[in-house]
Amino acid sequence: MLDRLLACCLALCCAKALPAATVQESEFWSGEVSRAELPVAVDRVPSEPLIVDLEAKGRTFGTQGGTLRTMITRSKDIRQMVVYGYARLVGYDADYEIQPDLLREIEVIDDRKFTLHLRRGHRWSDGAPFTSDDFKYWWHNVANNLELSPNGPPDILRANGVVGAMTFPDEATVVIEWDRPNPRFLQVLAGARPPFIYRPSSYLKQFHIDFADTEELAAAVRKKRVRGWAALHNKVDNMYKFDNPALPTLQPWMSASTGKSSRHLFVRNPYFHRIDSRGVQLPYIDVVEMTVVGSGLVAAKSNAGETDLQARGLDFRDVSILKKGESDGSPYRTFLWANGAASQIAIYPNLNFADPVWREVMRDVRFRRALSMGIDRRMINRALYFGLAKEGGMTALARSPFFDAGNLSAWALHDPVTANKMLDEMGLDQRSPAGLRLLPDGRPMEFVVETAGERQEVGNAMAIIADTWRDLGIKLVLRPLDRDILRNRVYAGVSMAAVWFGWDNGLPQTFTPPEYLAPMHQEFFAWPKWGQYMQTRGAAGEPVDMPEAKRLIDFWHAWEKTADDTERAKIWRSMLAIHADQQYGIGILAEAPQPVVVSDSLRNVPEFGKWAWDPGAHFGIHRMDEFYFAPSNDQTRLETKP
């Protein structure tokens, strides 16, 4: 077989390590260094750090320092620091090409064998070495420990259901291998919420029954009031939630807050692996301050200049108040970034709904098509987005090679006459005295759509839809819920329908795994039980029992098995066509600009960025560790282009 070394690795392998004298000390940690509580900077960065070429990226060199203020609407959203920090084994660059990050290099053979080369001298935020032992600990003592991982290793370690092998030739090398291709492996590692296939073993061993002192571990279990050592281990080992300040991290900032508070602080990681070409260790910004505020206050507080970088919690409707704040002298700019979601708003009839009568109705494609044709997207676009959004169903966006105008318009034109005819043909032609259609069991057709209630634009859109669906004889009942409660209800099959974003990735490429188009995960609200069944390999949920959904699974597996780009593109188009025809998720509008508030003094933030969850990790792909505050004597205000 022909060895294929990723081209992105070659450039990084050739980068020369900086002379020791050029690695500059951080003023933030100077006190700890002078007291010998921390090593000097040159001993804190890897011997082969990731050297960022800012000039090649069109960015300027920054200075270390400052506190960046941002807002979240729930305490649990401190996990956004892991998203925004975007330190990954491999990550996407601005052109959506995968590059090594935590890794120094990666060798790939036939999408089947992946050799990971770590950066020698790399350390966790507590100073412990980051080596292959951390992968080994995860593999042997977490992923393959039935008390910690009852279902075994995660899906990304399976190729067509077969678990791969992980070996550890030396302290800086990890080899992961399957007997068949696993072409999505790198894309998943680069995700907004990646699988952490390594752990800070030196810290976690004190909570693991195979390593810890028995009496000390028992005492820790009692102190935390959990059922046993496995529950304790899982509680302290949460690299994504970022809710354990004692858990070492590789992210650019580490948590410095303990206990429940409305204000969370994150300070620079003294061992972070990225530096600029002058030898200045990233991140430039010393402290990130996240403040929890009510969801309805984000725009007002942004308008008042109480944030330095904000997009989360802002919608297009907030642009007018944000622009007014600018004109009134608040020290920020409002950028309008492209939105990467396949749909701003999408309605998901739950095909696994527990009510058998409603479930049968929703499984009839004519019902889902009628709902879609009963939506006046033009009216919603004008009312909410001044006509700037793209009207149509949920599909690949125009900048994707798989965009098809036919998919966008399929069953998406406002046509109540045809929609009513379809519903009549289904046998739903009986009506109540109030004009509502009757279900086969005689109940009036009240269609309950549950929402997280976090976006006012959703409520406004659904109010318009309620009026036009009434013309179909369907009463829309919108039920706001807490986000977590909403998800749990959908997953349990007790939610009739939900409104959410469309697919995170509206810009798929040939190499993008189309897994999220198949019923493989419960997170797609149209088929939670099918997703559970696939995720747990039959231990939970329900088997897929609709022909078109089964075809999506077959297409996904066919994509996994082929390395031919032409065939992969054909599979993508086939899967998108099925979704457009079947209306599993009823898209409404896409590509409405995302407002991003940026402090006048903050530099290296792109004016024309892209706001996308995956791929992109929101601010992550734009490398927030490279943002910096201009010196106080620099009063330049960067003007936005018209």
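1. A good place to begin is strand 21, where Leu-476 has Phe-447 standing opposite it. This contact point belongs to the pairing of strand 20 with strand 21 (residues 475-480), two strands that run in the parallel sense and are joined over 6 bridges. Please keep in mind throughout that the model is predicted.

2. Which elements make up the β-α-β unit in this part of the chain? Strand 20, helix 17 and strand 21 build it, and the unit is right-handed.

3. The loop between strand 20 (446-451) and helix 17 (456-470) holds Glu-454, and this residue is linked to Arg-483 in helix 18 (residues 483-492), so that distant parts of the chain, 29 residues apart, are brought into a pair. The link is a salt bridge between the two side chains, with a distance of 2.5 Å from N to O. The partners differ in their surroundings, since Arg-483 is buried with a relative accessible area of 14%, whereas Glu-454, at 29% relative accessibility, counts as partly exposed. A student may find it useful to see why the two labels differ: buried means under 20% relative accessible area, and partly exposed covers the range from there up to 50%.

4. Another salt bridge joins Arg-455 and Glu-457, whose closest N and O atoms lie 3.6 Å apart. Are these two residues buried or exposed? Both Arg-455 and Glu-457 are buried. Salt bridges can also share partners, and in this way Arg-74, Lys-76, Asp-77, Arg-79, Arg-312 and Asp-484 are joined into one network.

5. Over the whole structure, a search finds 41 salt bridges. One of these is formed by the side chains of Arg-274 and Asp-101, which meet at 2.8 Å, counted from N to O. Arg-274 lies in strand 14 (residues 274-276), while Asp-101 lies in the loop between strand 5 (98-100) and strand 6 (103-109), and the pair therefore ties together parts that are 173 residues apart in sequence. Arg-274 is buried, and Asp-101 is buried as well.

6. Turning to the sheets, one open sheet consists of 4 strands in the order 3-15-13-12, and its pairing is mixed. Its edge strands are strand 3 (67-72) and strand 12 (253-255), each of which pairs on one side only. On average, and with direction ignored, neighbouring strands of this sheet are turned by 30° against each other. Within the sheet's order, strand 13 (residues 263-268) and strand 15 (residues 287-292) pair in the antiparallel sense over 5 bridges, and Val-267 stands opposite Val-287 of strand 15.

7. An open sheet with the order 16-24-17-26 also has 4 strands and mixed pairing. Why is one side of strand 16 and of strand 26 left without a neighbour in the sheet? Strand 16 (309-310) and strand 26 (610-611) stand at the edges and each has a single partner strand, so one side of each has no neighbour there. The partnership of strand 16 with strand 24 (residues 594-599) is in the antiparallel sense and extends over 2 bridges, with Leu-309 standing opposite Val-598 in strand 24.

8. A helix also belongs in the picture of this second sheet. Helix 11 (residues 319-327) lies across strand 17 (332-339) and strand 24, and the helix runs at about 150° to strand 17.

Definitions and conventions
Residues numbered from 1 in each chain as written. Predicted model: local features only at pLDDT ≥ 70, side-chain atom pairs only at ≥ 80, totals over all residues. Heavy atoms only, no water. Pairing = 2+ DSSP bridges. Axes fitted to C-alpha atoms, helices over the stretch in contact; angles between N-to-C directions. Salt bridge = Lys/Arg side-chain N within 4 Å of Asp/Glu carboxyl O. Buried < 20%, exposed > 50% of the residue type's maximum accessible area, 1.4 Å probe, protein only. Contact = heavy atoms within 4.5 Å. Right-handed = clockwise from strand over helix to strand, strands pointing away.
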